[in-house]
Protein chains: 2
Amino acid sequence: MSEAALAEEAAALDAADGLAAKRAEFDLDDGCVYLDGNSLGALPRGVADRIADVVGREWGRLRIRSWEESGWWTAPERVGDRIGRLVGAAPGQVVAGDSTSVNVFKAVVAAIRLTDTASRDEVLVDAATFPTDGYIAQSAARMTGCRVRAVDAADLAREAGPRTAVVLVNHVDYRTGRLHDLPGITAAVRAAGARTVWDLCHSAGALPVHLDADGADFAIGCTYKYLNGGPGAPAFLYVRRALQDRFDSPLPGWNSHADPFAMAPAYTPADGAVRGRVGTPEILALLALDAALDVWDGVDLAAVRAKSLALTDFFLRCVEAYVPQGRVESVTPEAHGERGSQVSLRCAAGPPGGDVMTELIRRGVVGDFRRPDILRFGFTPLYTRFADAERAARVLADVLEGVRG
Amino acid sequence: MSEAALAEEAAALDAADGLAAKRAEFDLDDGCVYLDGNSLGALPRGVADRIADVVGREWGRLRIRSWEESGWWTAPERVGDRIGRLVGAAPGQVVAGDSTSVNVFKAVVAAIRLTDTASRDEVLVDAATFPTDGYIAQSAARMTGCRVRAVDAADLAREAGPRTAVVLVNHVDYRTGRLHDLPGITAAVRAAGARTVWDLCHSAGALPVHLDADGADFAIGCTYKYLNGGPGAPAFLYVRRALQDRFDSPLPGWNSHADPFAMAPAYTPADGAVRGRVGTPEILALLALDAALDVWDGVDLAAVRAKSLALTDFFLRCVEAYVPQGRVESVTPEAHGERGSQVSLRCAAGPPGGDVMTELIRRGVVGDFRRPDILRFGFTPLYTRFADAERAARVLADVLEGVRG
């Protein structure tokens with residue numbers, strides 16, 4: 001198809017897009033095509049005013065009183081429940097705070113502690129995991145007398161067995177954008193008598209997740225990608241309600257105590273999601289995230305998913321139309337059921353991928369590069385337009401060929 | 001002494017105060033005497049503009065580029081070094097991030113791993129510790145085959161013995177304001193062949209600390225009290241340079257990897273303070289803290305300490321002058337060498353302490369209450385005036401007696 005035809009198609013798709021109005025809620029301009037929301041989500045416009053109020057009034061004027069009067073103390077659960085709605089968790093099971101890595105540690109250790117480690121001493125990790133999950137799983141295993149075995153995600157359901165205590169899986173592969181089968185793997189792991197810990201970093205806010213319905217045991221994820229919570233925004237931890245009474249945290253900080261202000265020498269864990277808390281919550285970051293989550297009010301994740309797939313389909317078509325054969329190949333699955341909300345292109349020939357991305361960014365198309373040869377383009381349905389996808393493919397072709405005539 | 005004489009003395013002390021000008025750098029007004037900076041420091045005026053720029057420009061406009069262009073990626077070490085100057089640590093040994101509780105876990109586990117746990121399996125914790133330290137020490141001990149023994153802080157130097165792996169001490173007792181002997185305990189613990197972990201929550205920014213000179217092994221602390229970093233601001237971790245090569249973190253997140261963007265399946269720890277990092281840094285909170293630390297530029301901690309002691313001395317004199325005998329008793333040591341930067345008064349008779357504090361706050365004197373009967377008043381030398389101390393004592397007397405004639 002010609003450039004003109006694709007541009008026209010993009011315009012038609014944008015005109016028909018039921019989520020199009022959402023873009024105005026973000027601080028974006030037409031000078032840049034931002035396709036790195038899978039690394040750092042764009043700024044929701046409401047955040048600046050909210051954080052100015054949190055700093056100037058809540059901290060500056062009310063000071064210590066804000067722990068009660070501004071609801072600071074309960075923010076981790078309150079924000080957690082807002083995230084919960086986006087990942088299929090009924091209220092009272094998600095708590096926001098700490099980094100993803102710290103939450104992986106809590107979840108994996110707690111999952112191991114739910115099993116009899118005399119008979120089950122194996123932590124399965126998907127072999128292509130984002131590195132921190134693997135490193136932290138290793139530490140969790142070392143500290144509980146278990147061992148880690150890396151297995152291709154496609155084989156996890158089959159490999160979970162009588163020695164398996166926990167299976168830690170990335171819902172979407174950060175490098176390739178491959179979506180793993182959450183319901184299927186969860187059911188198989190459960191049938192094998194083990195627990196699942198799902199890493200939702202690249203799926204929360206990108207597509208519907210049904211933690212409760214699919215029977216996931218634990219989940220963790222970050223909030224600075226598709227949830228637009230800001231750089232290093234607090235992560236979250238989901239503990240299935242049925243397991244909360246037995247959730248035995250390796251980080252039993254005072255915020256998870258049943259009566260924290262009793263300042264008791266002995267630890268008595270709180271009930272519910274609060275048990276996943278550790279130290280004093282990072283209020284500024286947490287309330288920036290809270291404000292960022294306002295963009296989700298009234299948003300249907302099914303519509304988000306439909307647009308995401310349409311965007312990535314369309315981008316792939318544009319790439320195929322514009323980029324000469326053989327210069328890049330997509331490593332993101334074509335099948336919708338196996339695709340997250342990003343497209344990863346391997347630079348098969350021509351200039352090194354890192355240089356390609358640098359030039360793309362110079363020309364206003366912002367994705368990112370993952371060694372050794374992957375160009376990543378994230379499609380955030382709330383603010384990415386079909387016209388952006390078309391332009392990105394066009395600029396990519398320009399960069400790969402040298403400027404076209 | 002009469003009220004008039006004490007008020008006059010306060011005015012003279014304020015007029016002679018070399019730190020008096022610092023108060024203007026904080027968002028404070030004369031309507032309130034804020035004596036809860038030992039729980040949440042007041043807002044430094046520079047924070048609001050800085051955080052507006054971080055949100056609006058660095059995140060909003062530069063987005064992902066800010067990890068490099070705005071120096072986000074190296075903020076934990078950069079901010080860490082600024083804290084380091086205030087606690088006697090040469091550059092390269094302090095990293096900012098995570099909560100205090102999470103850092104206690106890193107430090108205690110790492111300290112245990114530096115010992116031969118076959119012969120040393122004991123973690124000594126001061127018996128009056130802030131609860132989270134004790135809870136987390138218990139978890140660290142449980143996960144490393146050790147046990148925790150609670151010992152009166154005054155006895156720690158003597159009790160550290162051949163079974164002791166680590167001694168975890170609060171530099172200043174959060175309840176009583178008692179300052180423990182960092183050089184003495186550190187030397188004794190070292191002589192016993194064990195390691196120290198110092199909790200500096202109530203001393204960092206309140207008085208001079210000399211971690212390097214005194215030979216401390218590890219230290220942790222929060223930054224939202226005397227360092228005014230904001231509610232739930234990132235904590236910090238100090239690892240003595242000589243131990244950094246052997247620092248074996250139980251939370252080896254990807255940010256502590258020698259080459260994080262290699263995304264390598266195998267963990268290779270970074271050198272130096274970076275090894276204490278875990279996940280993606282909480283940028284908004286970290287840069288609010290960075291801005292808050294500007295108030296320390298050019299400040300001599302010896303002057304801070306001198307004013308702190310003068311303030312607490314003066315407050316105690318005012319309390320003695322105004323409050324009828326027997327209504328409150330100070331549980332904060334009189335000896336300067338044993339006093340932090342707060343005064344804790346036990347309500348010995350009369351209305352319950354919680355009610356007294358509620359009424360104090362209603363009348364514009366903000367301290368806090370710790371069960372069962374302790375009124376805490378924190379004296380932050382950078383912004384507390386002698387006149388504030390006098391007024392606080394006067395209002396306290398009013399509250400305790402009913403309004404005086």
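## Exercises on a two-chain model

In this predicted model, chain A superposes on chain B by a rotation of 180° with 0.0 Å of shift along its axis, at an RMSD of 0.0 Å. That is the relation of a two-fold axis. Keep it in mind as you work through the exercises.

**Exercise 1. Find out how many residues of each chain take part in the contact between chain A and chain B, and why the copies meet through the same surface.**

*Solution.* Start by counting: 73 residues of chain A are in contact with 73 residues of chain B. Next, compare the two sides. Of the interface residues of chain A, 100% are also interface residues in chain B, so the copies meet through the same surface.

**Exercise 2. Describe the area buried between chain A and chain B, and name the residues of chain A that lose the most area.**

*Solution.* Begin with the total, which is about 6100 Å², with carbon and sulfur atoms giving 65% of it. Then look at single residues: Trp59(A), Arg63(A) and Tyr135(A) lose the most area to chain B, and together they make up 14% of what that side buries.

**Exercise 3. Work out which polar links join chain A and chain B, and which helices of chain A help to form its side.**

*Solution.* First, count the salt bridges: there are 8 between the chains. One of them pairs the side chains of Asp27(A) and Arg61(B), at 2.7 Å from N to O. Second, add the polar contacts, which involve 24 residue pairs. Third, turn to the helices: α2 (46-59), α5 (100-113), α6 (131-142) and α10 (283-292) of chain A each supply at least two residues of the side that touches chain B. Finally, sort that side by class, and you find 43 nonpolar, 17 polar and 13 charged residues.

**Exercise 4. Now stay within chain A: locate its domains and describe how they touch.**

*Solution.* The domain assignment gives domain 1 as 3-30 + 300-401 and domain 2 as 49-296. Their contact takes 27 residues from domain 1 and 18 residues from domain 2. The C-alpha centres of these domains lie 30 Å apart. Between them the domains bury about 1800 Å², 58% of it on carbon and sulfur atoms.

For the polar links, count 1 salt bridge; here the side chains of Glu338(A) and Arg178(A) meet at 3.0 Å, N to O. There are also 10 residue pairs in polar contact between the domains. On the side of domain 1 that touches domain 2, α11(A) gives the largest share, 5 residues. The residues of that side divide into 10 nonpolar, 9 polar and 8 charged.

Note on methods:
Residues numbered from 1 in each chain as written. Chains lettered and ligands numbered in written order. Predicted model: local features only at pLDDT ≥ 70, side-chain atom pairs only at ≥ 80, totals over all residues. Heavy atoms only, no water. Domains from an automatic or database assignment. Contact = heavy atoms within 4.5 Å. Buried area = accessible area lost by both parts, 1.4 Å probe. Salt bridge = Lys/Arg side-chain N within 4 Å of Asp/Glu carboxyl O. Polar contact = N/O pair within 3.5 Å; in protein donor to acceptor, adjacent residues only side chain to side chain. Helix = DSSP H or I, 4+ residues; strand = E, 2+ residues; numbered from the N terminus. Nonpolar A, V, L, I, M, F, W, Y, C, P; charged D, E, K, R; others polar. Least-squares fit on C-alpha atoms with pLDDT ≥ 70 in both.
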